[in-house]
Structures are given as structure tokens and as C-alpha cells.
Amino acid sequence: MPSKKALRAASVNRTRLLTVGAVLTVVGLALAIFGWSTPSLLLGGKAVLFLAGVALLFQGVNRLLQGVLGRRVDLTLWLCVGWLVAIVLAAILAPYLPLGEQNDVAKTLLEPSYTTPALLTEHPLGTNNQGLDLLARSIYGARTSLMISLLAVAVGTVVGGTIGVIAGYFRKGVDSVVGIFTNALLAVPPLILLIALSTFLDPSIRNMSLALALLTIPSMIRLARANTITFAQREFVMAARLMGATRMRVMARELVPNVILPVFSMAVVMISALIVAEASLSFLGLGIQQPDPTWGNMIAEGEGGIMEDHPHIVLVPGAFLFLTVFAFNLLGEKAQARWDTRSAKL
Amino acid sequence: MRKVALRIGELAGVLFIVSFGVFLMLSLMPGDPAVAILGEGHPPQEYADLRQELGLNDPLLQRYWDWLSGAVTGDFGTSLVPPQSDVLDRIGGALPVSLQLAVMGLAIALVLAIPLAMWSAARAGGTVDRLIGASMFGILSVPSFLAGLLLILIFSNGLGWFPRAQWVRLSDSIGGNLHHALLPAVVIALMELALFTRVLRNDLIVTLNEDFILAARAKGMPPWRVMVTDALRPSSFSLVTLMGISLGRLIGSTVIVEYLFALPGMGSMIVNAANQGDYPMVQGAVLVIALVYVAVNAGIDFSYGYLDPRTRRVDA
Amino acid sequence: MTEHVLEVDDLHTTFSTPRGLMRAVDGVSLTLGAGETLGVVGESGSGKSVLGRTIMGLISNNANTEVTGSVRIAGQDVHEMKPGARRKLWGPEVAMVFQDPMTSLNPVKKVGVHITEALRLHLGLNRKDATERAVDLLRQVFIPEPVRRMKQYPHELSGGMRQRVVIAMALACDPKLLIADEPTTALDVTVQKQILDLLATLASERNMATILVSHDLGAVAGRTDRVAVMYGGRTVETSSTSRVFANPRHPYSEALIASIPQLRDAPHTVLRAIEGAPPNMLNPPTGCRFAPRCRFAQDRCREEEPLLRDLGERDVVHRGACHFPLEIAYEGVS
């Protein structure tokens, strides 16, 4: 009977999945731990070993999960979601967490400086030149980075989205004026615009958010406008207008609900771009200033020969930055694939 | 022809608005330029004289007009920070460095992205494809300053292959110049490489499903030839568009890389000027960068229309 | 009988899809001698295009495709060969004309390049000779001003002209076997006849064996020696074209023929359409695959699969796969 055969094949397959998964997990874990802790290799060699270990571990766990649950699981997606939930929670709860000192140098006079990361110690991720705790600084940095980026995306989405819908619905004069200003904003490369803005804006969280919001507005306008134009030609909009709906009502009730999904997925994609922009600006010394930590200015501490002796000064905030950007990128990609088939290609 | 004229008019309008925006932004700057130039502790009359001399007491529009008419003739004023050199001279010295880095970065990205994308597309769904896809996605998530620091850590510090933070002019020594420019250019290339590879791969996969690919294979063409002459060419148009889209990012990473490697380009110049509140420098640099950016983008627009025979004008 | 140009024996092409196995071609055998023309007819989804491509070797074994049985072109098994050797067949031995001339020419390549590249690859001609020969080929497919056309891009030509280019491209290396996969489906009705006649003329001039794949029985009638009617991945009836038309034995062929409009039909004749939809190839019905749509189906048809058997009388080759073949209408046989 074919069904029995299929069943047997499935169970063989499952046993194989579990064995291979277990082997990969163990080897990966061993390699990663060895790579992390071995004293006998250069940093590069350690990193390669560690990364290879993590890759194997990932494949192993993926197979184990598939074997146990009997279906494929998007492990990367769940890891990303997990990381984001953890980092957001940590950022919100930072003041209540038992963390080391993050910005008051006066309190760390007696703390050792440049301690290397060692889990299960007082400073699990090490300290910087002034003895400030890197874990605490990374989490407070997350607080700043996330607050700025989310605020900027929110402002940019609301403002850009509204202008875009209006321009797309009214067309004609409104549209061309909006078009010229959008083009003018897009005529300056984003980072250059930010640098120019930073020459006369105080680097506060509010100003940074506004400056970054300005960056997101042109693309939001374009996206919302293009989608509005498409939908405005559909029958249901025509039907609403024929029933005597006002223009405000057509926009609010018929267009916005349709435009909102692609705009939302674009917003998710933009969060990571803004985190990078904020970090870049801080790195260039034009963003949030020391001693308040952001990932960008923490990484900048490694400049001037310090990184060469104490790589963890760069690697610790760098890892936070990378993981967060990666997670948002992945989420954004999934969101666009799902809700915005038009711009998903680019 | 009329279309071209219209487009140029539009570009001029956009640049005009940009110039006004740049001017306006920087004249709203807090702090007194006169103090910035002379330093503290001079008699008030000296500051007032200098302000008069700089034209800071004129109405805003008048100042904008003076500045713009100067800018058009290449006079961006002088830097506020010692050495108070001519802004245009400084830009003239810095621009070639940035252009070289950006072009090298772009070239490296293309040289690597095209074969990677072809390899990936030829084995779509296979291990190679997934490996390349995952690495490119990973690279996209590494901000360029972080990538730069990591590469310095590995190649300059660990392996000692490349120097850290020096610049040799192309005119002085070609070998020396390339040796110093390579690592920064690689950092600039990374992000573009990832983007190009991903987009080109997806595009190639779409093209490879076309009937004309099957027809070319049915002629007995070897797979690599089908890939290069039949699939790559139609797909390369989207690569050209993509280069336009990613140009802003390219300029951004060039700025960061110059700052990171302390290279004497536009990027480190503008960052330093911004840090010191040297507004004529920032104004001039932003305007020049916007000009280059808009011009290259327009060029890409036009070349796109010319490259693709389907959109090229047909002579009857 | 002399050596066949093409021998296909019990060919199966199976795709594994996420929803299960799809047996697109499910046991087809056929032979073709030099200069012979065969029409392969069936609805869309009957597996006829996949058959054409599997014969070519364009579809071959890979991760999610399984080909069993054998295809012999010029005595060599296409699916046993190395890819490089197979490519050497494509052009000089076997060539293909594709369905849609809008998509089967590369939009960024000039017409000339499309033709010369095969000449240079297979025949090793230099640029000049290849160009001369390509111009000659364009002339043979009746393209006016061939020299100028060589330098044009596909989008500058009309659909009919493009299909002529595609034909010239296929003929470039004088193949012994031409597979034309729905060569006129995408063309205007007025152009269809021209292209079909052109193909027929070229085939007889060159003594080239031809397989004309089509969903349109009218296209096949009068232009092919033999016809094979396909349904659900299988041949359900095969014989000489005139005989199948005059005297279909399988209810499906009969229904197909009845659905062709005839000039001699009285005005307002209602054409008889075939009820129902082609079988789901992921899960074909048991028994005869046509049974669910067959007017004559009986219990046996739904249980036992009919095999292709000889239905001809005396020395006439006429094979069909039906438990209850239609009666021979003697007055119809000439």
C-alpha cells in the first residue's frame, strides 16, 4: 500500500532529521563555545570558528524542530522576533533592570576600565575606558536608538502618508507642488542632508527624530501617492463617490485602508535604515553626544587605536546594532512580500 | 528633444530649491560666525565690522542672491575655520578622492555581483543560491562604519595587508594610491554588492523563465553563453536603474569611509566642517554633492532609455 | 522500413510539485521516418507541449523532473547523453519552433544575431558566411528586405514576421527533425494559414520530419501525414490524418472533430463543445481518463484503463485506446 510506504518514508526521514539535527547541534555548539573561549587563536580565527559553529547550530536546531514538530519552521524569523521583543522589553525596562552604570563617570571611578567580556561576572559584556558597563550602555543605547527611529518612522509615515494620499487623490496642482518638493528633498543624498541638518540642530532626541523623519517623508509620499492613484481608479472608489461621499470621506474610508498596508510594510523596512542612519550620525560625532550612550557613539569609542587593543569596545555595540538591523530587515522583507507586492521586488 | 529640455528645466528647478534650502538651513544656525572666525575676547566693534564685511546684516533674500550668484560662478566664499582657504579650492582638492573611492567601490561591487548573481540564479533554490542569498542579506544589515571597523580589525590590524588611514595621491604613485584606496573601496562596495547581487539574481531568474531562453538553449547554446548573452543583457537594465537608486547610499558610505580612514575627500571635509560649524564649507559641499548626484541620476535616466532597444526611438 | 528519425518508446515525464506528482506525459510511443509529418493534437493540459520538449531533451531528469522510457534521435538516446553531446543535436538534428514569437525572441538581440549565432556555433562559419547564409534563410521564409531585417530588433517586426524569424532560426542548421510547438496559436488568424503552409512547404522541400503540436485539429488537417490525439498525457488515437478525420474511433477524437466549425455547416449550427474540463493531472481519474466527459462511458470505462490497441482492419494502421470504439463508418473511408 502506498500510504504505508509513504508513512515509513516519513518516519525514516524523521529519524534522519533528528539524528542529523542532533549531530549538527552538538558539533555547532562545541565549535561555537570553543571558538568563543579558546585562547590559542587570533581574533579572526576565533570569529571564523564561532560563526561556523553558530551556522551549524542553526542548521541543527532547524532540523530538530522540523523533526519534532513535523513541519518546516522559519527559525530565522522566530529568532528575529525573539530578539526584537527582548531588546524592546530591555529598552523599556532599562531603569528597573539590575544593570551596571551607563553614563555617570563619577560613579565608576573605582571600576576597572576595559575589562573584557566574561559572562557571569559583574560586567558580562565588559567595560569601556571609564569603567562604564557595556551591557548597560548597549541597552540604554537601544533605548535611544529605538526611540529615535520609531518616533521618526511614526512622524514620517503619518506626514508622508497623508501628503501622498492627498497628492495622489487630487492630482493636478497639489500633486506637482508636492512632486517638486519631494524631488528637491530626494536631490540631496540622505546622509548629506542629515549632516547639513546637524550643523544647526542641537543633537537632542527630538531633533534627531525630526531630522530622520524628514528623510522618510519623500519615499512615503511616493509610495502612498502611487498606491492612491491605483486605488482611486478602482470601482469601489467610484461607487462611493457616486453615492455622494465627500472627498474627505472617500480618502479616509476608501483609500487610506487600502494604502495603509504597503505604507506600513515600507515603515518596517525603514526602521532599520533609520537605525543605521542614526548610528552613522552618532558615529560621526554629529548625533547624540557622550556620555549618553548610543550604539553609534559607543562604536566610535573604539576609534584612534583603542579598537586594536580592546576589540570588544566595537564588537559589543556592533553586535547589538547588527542583530537589531538584521531583525528589522527580515521583518520588513516578510512584511513587504506579504502586503506590498509592488515594491517587494526592489 | 522637447522631453530632454523639459527634464533639464525640472532638474534646474530642483537644484534651485535645494540651494535655497541649503542656504536657509545654514543661515538659521545658532552662534555668531564673527565669533567663530575671530575667536572670543575681541572688542565688539571688530565683530560688528566683520559681520558687515561678511554681509550678515543684509536682508535674507539679498544674502541668498549674493551667495547664489557667487556659487554659480564658482565662488562659495572662504572657510570660517583656519586655514581660511577658498571653499572651491578645498572642494576641488577633495572631490577627486571621493570620486575615485566611489567609482572603485561601484566597480568592485559590480565585478563581484554579476558572477555571484549568475551563479545564484543558475542554481536557484540550491545550496549555493541559499548560501549567497543569506550572506548578502547579512551584509545588508552591517552598517558601513561597522563593516569598515571590522575589516580594519581583520586586514590592517590582524593580517597587516593594508595601511590604516593614509592617502597617496594617484598622481604621486599609482600603486601606492591603489594600496591605500583598496580597503576603503571594499567597504564602500559591500553594501552595493549585496544589493546588486540580490536584485540581479531575482531579475535573472525571471528572465531565465522566458521563452527566448528556452529558444536559445534549443539552438544548442552552452549554458554559460545563454546566461551571459541571453539572460544577463536584458537583466542588466534593471541593474542600471538600481545603480541610480543606490547612488545616495553610495555617497553616504563614501562619506563614512573617508571619515573612518581619515581620507582627504568630500566626506571627511563635510563632517569636520559640520562639527566645527563652518557653514560656508557645508553649504558649498552640500551643493556640489547635490549637483553631482542629480546630474548622475539624470544621466542614468537617459542612458537607460538609450540602452534598451525596446525604449529606444525607432527610425522608420 | 529505413531507420527512423525519431523513436519514442513508452515515454513518461513526471514533475514533482508541492501538491504531488504530475504525470504530464504518461506512456507515449511514436516513430517518425525521414520527411514524415505527425500532428499531435489535444486540449491545453493534455501534455502535448511537454511531450515536444521532452523529445527535444529540453526537459530532462533533474531534481523535480523524472523522465523514463526512451527518445532516440538519429539512433541516439537523448536522455542517456551528456548535456554537451545533447546540445550538439540541437540545431543540426532536431530544432524547435516555439509558440509565441513575441516572447521567443530575445528583445535585446538583433534578428541577425538570433540566426547567425547557431550557424557559427554548430557549423563553425565565420561572421561573413554566417550573415550571408542567414540572409538566405530569411529569404527562404519569405521575409521581404532580408538584409535590412538582419539589423532590426524583434520588436520592430510584426508577429507573423517574427514567427518567420523563429522558423528561420530553427532551420539554420538544416535539422532532420522539426518540432513546432503550437506555432500559430499566438498569431492572427489570417497569418496562421500562411505560417502553417510555409512550414509544410519547407518540410517537404528539405525532406525534414516534422511534429506539429497543436490544439487546433484544423491546423493539422491536410498538412500532416499522421496524427496522434493526446488526452491526459496519453495517446488515445493515432492513424493517418485523413483516416482519423474521416473515421474517428475514439469518442474524444470524434468530439474534437465535431467542435471544428465547417464551412458547409448550415447557418446557426450549434457547435458541439466537449463538456467538462480536462483531467486534473495531479490526480487523474481511474479507468479511462476521458470517461468522466464521455457520452458513451460505461462502468468498465471507469474501472479499467483501456490500452492502446489496434483498431484498424486489414493492413491499415489505426490504433486507439477505448473499450468501446466508435463504429467504422464505411462510407467515410475513401
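1. Two residues are in contact if their C-beta atoms, placed from the backbone, lie within 7 Å. With that meaning, the contact between chain B and chain A takes 44 residues from chain B and 39 residues from chain A. On the side of chain B that touches chain A, the elements giving two or more residues include α1 (2-27), α8 (174-208) and α13 (279-307) of chain B, where helices (H or I, at least four residues) and strands (E, at least two) are DSSP runs numbered from the N terminus. Of these elements α1(B) gives the most, with nine residues. The residues on this side divide into 33 nonpolar, eleven polar and no charged; Ala, Val, Leu, Ile, Met, Phe, Trp, Tyr, Cys and Pro count as nonpolar, Asp, Glu, Lys and Arg as charged, and the others, Gly among them, as polar.

2. Before going further, please keep in mind that this is a predicted model, in which local features need pLDDT of at least 70 and side-chain atom pairs count only at pLDDT 80 or more, while totals for chains, interfaces and linings use all residues. Residues are numbered from 1 along each chain as its sequence is written, and chains are lettered from A and ligands numbered from 1 in the order in which they are written.

3. In chain C, strand β8 (residues 209-214) is mostly covered, with six of its six residues buried, where buried means that 20 or more other C-beta atoms lie within 10 Å of the residue's own, those C-beta atoms being placed from the backbone. Ala209(C), Ile211(C) and Val213(C) point one way from β8(C), whereas Thr210(C), Leu212(C) and Ser214(C) point the other way. In a regular strand the side chains alternate between the two faces of the sheet.

4. Which strands pair with β8(C) in the parallel sense? Strands pair if DSSP finds at least two bridges between them; β3 (residues 37-41) of chain C pairs with β8(C) over five bridges, and Val40(C) has Val213(C) as its bridge partner there. Strand β7 (residues 177-181) of chain C also pairs with β8(C) over five bridges, and Leu177(C) is matched with Ala209(C). From β7(C) the chain crosses through helix α7 (residues 189-206) of chain C to β8(C), and this β-α-β crossover is right-handed, a term used if, with the strands pointing away from the viewer, the path from the first strand over the helix to the second runs clockwise.

5. Six of the six residues of strand β9 (residues 226-231) of chain C are buried, so β9(C) is largely enclosed by the rest of the structure. β3(C) pairs with β9(C) in the parallel sense over four bridges, and the bridge partner of Gly39(C) in β9(C) is Val227(C). With β10 (residues 234-240) of chain C, by contrast, β9(C) pairs in the antiparallel sense over six bridges, and the two strands form a hairpin with two residues between them, where Gly232(C) in the turn has a positive phi of about 60°.

6. Elsewhere in chain C, four strands form an open antiparallel sheet in the order β2-β1-β4-β5. Its edge strands are β2 (20-32) and β5 (76-77) of chain C, each of which pairs on one side only. Strand β1 (residues 6-17) of chain C pairs with β2(C) over ten bridges, with Phe15(C) partnered by Met22(C).

Note on methods:
Buried ≥ 20, exposed ≤ 12 C-beta atoms within 10 Å, placed from the backbone.
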